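Please open the model in a viewer and keep the sequence panel in view. The tour below proceeds by selections, each followed by a short account of what is found there.

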Amino acid sequence: MAVRNPNSKFQIPNSPLRILGLETSCDETSLAILEVESLKSKVESRIRLKRHETISQIPIHQRYGGVVPEVAARSHVPEVVSLLERAKVFKRDSFDAIAVTRGPGLATALRVGIEGARTLAFLSGQPIVGVNHLEGHLASAWLVPKNRRNWKFPILFLLVSGGHTELVFMRDFCVYEVLGRTRDDASGEAFDKTAKLMGLPYPGGPEISRRAAQGKAGKFKLPRPMLNDASFDFSFSGLKTAVRRVWEDLPANKKTFFINDLCAAVEEAIVEVLVSKTLRAAQRFKPQAVGVVGGVSANPALQAGLKRALVASGIKFLEPPRGFYTDNGAMIAAAGLWHLRRNGLKGSWRSLEAEPELDL
Ligand code: KG4
Ligand code: ZN
């Protein structure tokens, strides 16, 4: 265990260090313990996930057709407790620092994780670092061993989640520039909302993706919002409106017959815009590699489309973060590690607050 003297100037310990990561920003409660050989270690392959457990609230929110913030926050309370109990974190030596999501996310849901983490920090005397959830998603790519071995800056990330769609230029650990972002709905939201209006269950992304694989995209013509716009911004709310029109115009007895084709058309429209803008940003800013992260990065058509376009242009494509696509504690621990390496083992439980609107 790294010994920390709160009165002395920070010294990087030369011993294994365990970081507890806690995520409660939306509808997943997740805890991880990530071990790194030493904070000094440059050998990026030497990190180990000692523990990683996620409790998904999806079955709870499915009853309402989407995430209900108050229900999410209330559910996180017993879930955080049971994850902590199962991880036996109160046994000595089980962690040396705590990383917790401080935002963006649902205010009351964030607070559950933060208060849990602050209590742990108070009881253990260990430092606490508040992590930007979006940075956590970027760190999910770093959890993939092959990516860590080839990690060279700058890296361009397409960050696609339920709440965000951004093109992020990462110049160094903890140094980011947002090149473009959505002006309205995020891409995950576009999947979720179009699925909902077709009567499909929450979350819509995986459901549309599964149905799209059995449909023919060419049956319906949908818009590609902002595809030819010079900026690196996105917009998906027009797509949702177009899908609503197509769906409402379909006779009731044809809806079941054509639903997979419409799902394929929705997926194709979203993927085409995301791939095209990412490729254009990569050609303009010339990163060492391009990565895709966030819940929507689980989408096989998006992964394949990005890979095809980037490889054809001679641009390196990082492995999508399999196992860490949707919200999880491991990515929060990893981003916490980046900050601890940069700023040292410090951070008091007193000053940490939830920041629901936080951006990169
Ligand atoms: O990153 P995430 O777990 O939560 C946020 O930070 O928002 O992302 C959740 C989003 C949801 O909108 C969900 O529909 C979408 O990721 N998603 C997918 C797929 N799996 C999850 N979207 C498209 N295809 C998928 N296979
Ligand atoms: Zn997320």
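**First stop: a pair of helices**

Select helix α8 (residues 237-249) together with helix α9 (residues 252-285): their axes come within 11 Å and cross at roughly 165°. Helices here are DSSP runs of H or I with at least four residues, strands are runs of E with at least two, and both are numbered from the N terminus. An axis is a line fitted to C-alpha atoms, for helices over the stretch in contact, and angles run from 0 to 180 degrees between N-to-C directions. α8 and α9 are therefore roughly antiparallel to each other; on this scale angles under 35 degrees count as roughly parallel, over 145 as roughly antiparallel, 65 to 115 as roughly perpendicular and the rest as oblique. The crossing of α8 and α9 is right-handed, a term used if the near helix is turned clockwise from the far one by less than a right angle, with anticlockwise giving left-handed.

Before moving on, please note that this is a predicted model, in which local features need pLDDT of at least 70 and side-chain atom pairs count only at pLDDT 80 or more, while totals for chains, interfaces and linings use all residues. Residues are numbered from 1 along each chain as its sequence is written, chains are lettered from A and ligands numbered from 1 in the order in which they are written, and side-chain values use heavy atoms, with hydrogens and water left out.

Keep α8 selected and add helix α6 (residues 187-197). The axes of α6 and α8 come within 10 Å and cross at roughly 15°. The two helices, α6 and α8, are therefore roughly parallel to each other, and their crossing is right-handed.

**Second stop: the five-stranded sheet**

Next, select the strands β3, β2, β1, β4 and β5, which form an open sheet in the order β3-β2-β1-β4-β5 with mixed pairing. At its edges stand β3 and β5 (128-132), each with a single partner strand, so one side of each has no neighbour in the sheet. From one strand to the next, the twist averages 20°. Strands are taken to pair if DSSP finds at least two bridges between them.

Narrow the selection to strand β1 (residues 17-23) and β2: seven bridges join these antiparallel strands, and a hairpin of four residues connects β1 to β2. Two positions help to align the strands by eye: arginine 18 has glutamate 35 in β2 as its bridge partner, and leucine 20 stands opposite isoleucine 33 in β2.

On adding strand β3 (residues 47-56), one finds nine bridges joining β2 to β3, again in the antiparallel sense. Here the bridge partner of alanine 32 is histidine 52 in β3.

How many residues of strand β2 (residues 28-36) are buried? Nine of the nine are, so β2 is largely enclosed by the rest of the structure. Buried means under 20% relative accessible area, exposed over 50%, and partly exposed in between, with a 1.4 Å probe and protein chains only. Glu28, Ser30, Ala32, Leu34 and Val36 point one way from β2, and Thr29, Leu31, Ile33 and Glu35 point the other way.

**Third stop: the four-stranded sheet**

Now select β8, β7, β6 and β9, four strands that form an open sheet in that order, with mixed pairing. The edge strands are β8 (175-181) and β9 (289-293), each of which pairs on one side only. The twist in this sheet averages 25° from one strand to the next.

Strand β6 (residues 155-160) pairs with strand β7 (residues 165-172) in the antiparallel sense over six bridges, and with β9 in the parallel sense over five bridges. Select leucine 159 to see both pairings: this residue stands opposite glutamate 166 in β7 and opposite valine 293 in β9.

β9 is mostly covered, with five of its five residues buried. Ala289, Gly291 and Val293 point one way from β9, while Val290 and Val292 point the other way.

**Last stop: the zinc ion**

Finally, select the zinc ion (ligand 2), which is coordinated by His133 (NE2), His137 (NE2) and Asp327 (OD) at 2.0 to 2.1 Å. Donors are N, O and S atoms within 2.8 Å of the metal (3.2 Å for Na, K and Ca); water is not among the atoms, so sites may look incomplete. Histidine 137 and aspartate 327 are both buried.
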